[in-house]
Amino acid sequence: MRTGIIGAGRIGTVLARILVAAGHEVVLANARGPRTLAPLLAELGAAASAAGPAEAAGRADLVVLMVPFDHVRGLLPPHVVQDKVLVDATNAFGGPGTPADLGGRGSSDMVAEWYPGARVVKSLNTMHFETLAVAGTAGGERLAHFTAGDDGKAKEIVAGIISDLGFAPVDTGPLHSGGILQQPGGPLFNRPLTEAQALAWISH
């Protein structure tokens, strides 16, 4: 499966590295154009390529949004993610360290409205990039990555990728209620939990 990573900042770059290390193909896109990603592609080797956002999404089997939340609307033509798994790994902030006031709405609910027909899963947004880089191969009990969504098969696909990366997938439920748990201001955001701790929290 080829994963399209839209956003190649610190977290997107880390995700690309660990996906390639786990045997996956990636196609990356950023705001500055594919040529600026040449050093990263040289590091990652033949399993990685770069394109503009729309082309990267079109070439991918699964797309991960890793851009600032304010950039998500209009970033991609909706048809390029029609029927594709679209992982919303964005975080909505109103200011430095301050969750955005969305009026009680889940940020992923809004992503689903902007990209109708995409199979949206909220995931890969709760862990600091430095932890993401190393924790999957550190040994010991696996840390949890959460999945929220209304498409069970889409969540299974994302869970498989999470497992490939050395983490434990933990289902938080539907896109709205589960996504709110994971987004900034939610109880699971930026809170590293082992699989056992996460499952205990979910079931409490």
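**Figure 1. The stretch from residue 4 to residue 91.** Helices and strands are DSSP runs: a helix (H or I) has at least four residues, a strand (E) at least two, and both are numbered from the N terminus. The model shown here is predicted. UniProt lists residues 4-91 as "domain: Pyrroline-5-carboxylate reductase catalytic N-terminal", and the entry is unreviewed. How much of this stretch is helix, and how much is strand? Over residues 4-91, the chain is 30% helix and 22% strand. The C-alpha atoms at the two ends of the stretch lie 18 Å apart.

**Figure 2. Strand β4 and its partners.** Strand β1 covers residues 2-6, and four bridges join β1 to β4. These two strands run parallel. Strand β5 covers residues 85-88 and also pairs with β4 over four bridges, again in the parallel sense. Follow Val-64 from one partner to the next. Ile-5 has Val-64 as its bridge partner in β4. Val-64 in turn has Val-87 as its bridge partner in β5. Are the side residues of β4 buried or exposed? Both faces of β4 are covered. Leu-62 and Val-64 are buried on one side, and Val-63 and Leu-65 are buried on the other.

**Figure 3. The cavity inside the model.** A probe the size of a water molecule, rolled over the atoms, shows where empty space is left. The structure holds one cavity of 30 Å³ or more. About 50 Å³ of space lies in the largest cavity. Which elements give two or more residues to its lining? They are α1 (10-21), β4 (62-65) and α6 (152-164). The lining is made up of Thr-3, Leu-15, Leu-19, Leu-62, Val-64, Val-87, Leu-124, Val-158 and Ile-161. Eight of the lining residues are nonpolar, one is polar and none is charged. Val-64 and Val-87 are both in this lining, and they are also bridge partners.

**Figure 4. The largest pocket.** About 550 Å³ of space lies in the largest pocket. It is lined by 21 residues. Which of them are closest to its centre? They are Arg-10, Ile-11, Asn-91, Phe-93 and Phe-129. By residue class, the lining divides into twelve nonpolar, eight polar and one charged.

**Figure 5. The second largest pocket.** The second largest pocket holds about 190 Å³ of space. How many residues line it? There are 13 lining residues. Gly-7, Ala-8, Asn-30, Ala-31 and Val-67 lie nearest the centre of this pocket. Its lining residues divide into eight nonpolar, four polar and one charged.

**Figure 6. Two residues with positive phi, Asp-83 and Leu-124.** Neither residue is a glycine. Phi of Asp-83 is near 70 degrees. Asp-83 sits in the loop between β4 and β5. Is Asp-83 buried or exposed? Its relative accessible area is 54%, so Asp-83 counts as exposed, since the cut-off is over 50%. For Leu-124, phi is positive at about 60 degrees. Leu-124 lies in the loop between β8 (119-123) and α5 (129-135). Leu-124 is buried because its relative accessible area is 9%, and buried means under 20%. Leu-124 also belongs to the lining of the largest cavity.

**Figure 7. Gly-52 in its loop.** Gly-52 lies between β3 (48-50) and α3 (53-59). Why does Gly-52 count as partly exposed? Its relative accessibility is 27%, so Gly-52 falls in this class, which lies between the 20% and 50% cut-offs. Leaving aside neighbours within four places in sequence, Gly-52 is in contact with Ala-29 and Pro-34. From Gly-52 to His-71 is 19 residues in sequence and 15 Å in space, C-alpha to C-alpha.

**Figure 8. Ile-180 in helix α7.** Helix α7 covers residues 175-182, and Ile-180 has its place there. Ile-180 counts as partly exposed because its relative accessibility is 29%. Which residues does Ile-180 contact, leaving aside neighbours within four places in sequence? The contacts are Gly-104, Arg-105, Gly-106, Leu-175 and Gly-186. Ile-180 and Leu-132 are 48 residues apart in sequence. In space, their C-alpha atoms are 21 Å apart.

Terms used
Residues are numbered from 1 along each chain as its sequence is written. This is a predicted model: local features need pLDDT of at least 70, side-chain atom pairs count only at pLDDT 80 or more; totals for chains, interfaces and linings use all residues. Side-chain values use heavy atoms; hydrogens and water are left out. On a 1 Å grid over the protein atoms alone, a cavity is a set of points where a 1.4 Å probe fits but cannot get out, and a pocket is an open set with protein on both sides within 12 Å along at least five of seven lines; lining residues have an atom within 4 Å of a point. Grid points are joined across faces, edges and corners, and a volume is the space filled by probe spheres set on the points. Ala, Val, Leu, Ile, Met, Phe, Trp, Tyr, Cys and Pro count as nonpolar, Asp, Glu, Lys and Arg as charged, and the others, Gly among them, as polar. Buried means under 20% relative accessible area, exposed over 50%, partly exposed in between (1.4 Å probe, protein chains only). Contact means heavy atoms within 4.5 Å. UniProt positions are given in the numbering used here, feature names are shortened, and annotations may be inferred rather than shown by experiment. Two strands pair if DSSP finds at least two bridges between them.
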